[in-house]
Structures are given as C-alpha cells and as structure tokens.
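Got the viewer open? Let's take a walk through the model together, one selection at a time.

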Amino acid sequence: MPLDPAAKFVCDVAGSLPVPWHMPTATEARAAAKTHPRDRFVTSVDHIEERSIPGPHGDIPVRIYRPKSATPLPVVMYFHGGGWVICDLDTHDSVCRDLAFLVKAVVVSVDYRMAPEHKFPIPVDDCLAATKWTAANAASFGGDPALLAVAGDSAGGNLATVVAMRIRDEGGPTISFQGLVYPATGSPSDDRESYRRNGTDYFLTHEAMVWFTNHYLSSEADTDNPYFAPLRAKSLAGMPPAIVLTCEFDPLLDEGVAYANALTAAGVPCEQITYPGLIHGAFGMDDLIPASWQMQTDLAAALRKALHA
C-alpha cells in the first residue's frame, strides 16, 4: 500500500523541523522533540495522581490515571517510547488517558530514567521496580493487582516485554498480558530488510536507531543481552500473552513481526497486526494521522479482552 497521505505530511513536516537524533546532546534532542506541533483532543479521566515511588537507583515518578469505578480495576503499566533518550510523561499523556478510558483500567505511566545519563539496564530496572511496586500497592489507588498488564510503544514496547521477561525469570508478580506497539526487539546491526527498505524518509530512520542505541548501551556486548534485544532470548516460553502492532513503513517492522512469530513458536498466544501505509510514531498521532486511531482501539480492545475476561 502507498504511504498514507497524512503520514507523508508528517514526514515532510518533520523534515523541516529540528530532528532529535541530529542534535549533538540528549538535552537538545529532548528540546527538539517538543517542537513537533500537536493539537490533540484530550480524553477526560476521572482521577489523575502524581506519585514518586522507590526504586534501586532512586525515586521514580509515575502518573496514575483512573476512570470512575466503584470496584477495583485492572492495571496497565505504560512505558513511553522515545529511543530510551527522549519523551516523558507529558508526551504520552493523551495515549494514557485514552487507554484508561477505552480499556476501563488504571494506567500507571512510568517516568523511568533515560540514556545517556542512565544507560542500560537502569531504565529496565526502573520499569521493573515500578511494576513490582504497583503489584504490591495497586489496592491503594483502586487497582486489582491480580490483573496487571505491561504496555508501551517503540523503546517503551521494548521495556514492556523486557520487564515481562525479567519477571518471568525472577519470579512474580503475575503479568496477564503484553501490549507491544512497534517494539524494538533486536539491534540496528541486525541488517533486517525493513531497515534497508524503510531506513530513510519515513520519520524514524536507521541512522536514528543507531543514534538511540549508542546512547542507551555501554558496549557492543550489550546488543546480545536478551534484556536489551528480546529476540536474543534462549527461550520465550512462559511469557505472557501478547499483541504486537507494527507499521508498514517502519524500520522496526521486521523485528516486531519476528518477535511475534517467536512468541507464537514458543507457545505464547500472540496476535500480530501490521498497519498498511503507516509509519513509526503514528501511534498517538491520530490528530495528525487519522488512520492511526485504529492502532489505539486495537490495543485497547486486546487489553480489555485480556483483563476483563
């Protein structure tokens, strides 16, 4: 399918604005990421609370979204994307509001430490600590710790499935489901076809993924660590059921599909959907790319089915 016209417009506009991965420092990259214009309708949520929770590297800020309910609700841990370097709670505020409303679940958005100031595995440690804290304390904010999912987009999708893997390997708490949106599951050095086909001109580039990865990792040896690249895991058996959403014009397309296939081969129930004409970053851009709203409704439907069954 051709590139979606609205997605093409986003690519063209992005090309005329400061590009984060062309910035010399992470601080400048984070500032550049905020220059992309947005004018998005904000979904109303009954209650939003900011908390600071303990972690192995210091306190971790979280933002908790809770729809109105007289009974405890399932909980979705959400880890934002941004290449482990950029974005924050505010850039993904609308996504978390939408998920809380559509899934009818408490959403806990995690402001994990980012690279290069905090390299791998510190962001993983933060997300794992936040998930374990949530399982232990969900009742304090109207959540049901027995119904706990992890979700995220891009680097956040990577962190979501890595947290599920760490929990599987270390024992508890129970994760009911994984919602993975174009997750990074390999390495830019893997030379997959989608990197060659979609590595330029489609918002996220091969060059950008190298930039992000170099900021995140301390050494080349880290690329073989399954807690960075889940496709390197010796086994995916025992992982939670999942949905993996990918986009046609995304460098990460092939590794997302490969990861979904690997989960299925390991006996893990996994649904995989590729969205024709869409680009990396489309998730949450429904104000700019209307067709991308389907990604949010599909993710929400999968989470709702898993958590409210």
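Start by selecting W84, F120, Y216 and F228, whose rings are linked by pairs into a cluster. Rings of Phe, Tyr and Trp (its six-membered ring) pair if their centres lie within 6.5 Å; planes under 30 degrees apart count as stacked, over 60 as edge-to-face and the rest as tilted. Before you go further, know that this is a predicted model, where local features need pLDDT of at least 70 and side-chain atom pairs count only at pLDDT 80 or more, while totals for chains, interfaces and linings use all residues. Residues are numbered from 1 along each chain as its sequence is written, and side-chain values use heavy atoms, with hydrogens and water left out.

The structure holds 8 aromatic pairs. Zoom in on W84 and Y216: this pair is stacked, at 4.4 Å centre to centre with 5° between the planes. The two come from distant parts of the chain, 132 residues apart, with W84 in the loop between β3 and α3 and Y216 in helix α7 (residues 206-216). About those labels: helices (H or I, at least four residues) and strands (E, at least two) are DSSP runs, numbered from the N terminus.

Is W84 buried or exposed? W84 counts as buried because its relative accessibility is 2%. Y216 is buried too, with a relative accessible area of 0%. Here buried means under 20% relative accessible area, exposed means over 50%, and partly exposed is in between (1.4 Å probe, protein chains only).

Now add F228. The ring centres of W84 and F228 are 5.8 Å apart and the planes sit at 50°, so this pair is tilted. It also links distant parts of the chain: F228 is in the loop between α7 and β7, 144 residues from W84. Both W84 and F228 are buried.

**Next stop: helix α3**

Select residues 93-103 to light up α3. Why is this helix largely enclosed by the rest of the structure? Because 9 of its 11 residues are buried. Those buried residues are D93, S94, V95, C96, R97, D98, L99, A100 and V103. To see what covers them, show β1 (47-53), β2 (60-66), β3 (73-79), β4 (106-110) and α9 (293-308), which are included in the cover. Just after α3 comes K104, which has a positive phi, near 60°.

Keep D93 and R97 selected and add E50, R63 and D90: these five are linked in a network of salt bridges. A salt bridge is a side-chain nitrogen of Lys or Arg within 4 Å of a carboxyl oxygen of Asp or Glu.

**On to strand β4**

Show β3, α3 and β4 together, and you have a right-handed β-α-β unit. To check the handedness, turn the strands to point away from you; it is right-handed if the path from the first strand over the helix to the second runs clockwise.

Now look at β4 alone. Here 5 of the 5 residues are buried, so β4 is largely enclosed by the rest of the structure. In a regular strand the side chains alternate between the two faces of the sheet. You can see two directions here: V106, V108 and V110 point one way, V107 and S109 the other.

Which strands sit alongside β4? β3 pairs with β4 in the parallel sense over 5 bridges, while β2 and β4 run antiparallel, joined by 4 bridges. Two strands pair if DSSP finds at least two bridges between them. Click on V107 for a nice detail: it is the bridge partner of V76 and also of Y65.

**A buried charge**

Jump to D250, in the loop between β7 (242-249) and α8 (253-265). D250 is buried yet has no salt bridge, and R197, the nearest side chain of opposite charge, is 9.4 Å away. For charges, Lys and Arg count as positive and Asp and Glu as negative; His and the chain ends are not counted. Not counting residues up to four places away in sequence, D250 touches Y182, S194, N198, L204 and H280, where contact means heavy atoms within 4.5 Å.

**Last stop: salt bridges**

The structure holds 17 salt bridges. One of them joins D190 and R232, with the closest N and O atoms 3.0 Å apart. D190 is in the loop between β6 (177-181) and α6 (193-198), and R232, 42 residues away, is in the loop between α7 and β7. D190 counts as partly exposed at 25% relative accessibility, and R232 counts as partly exposed at 25%.
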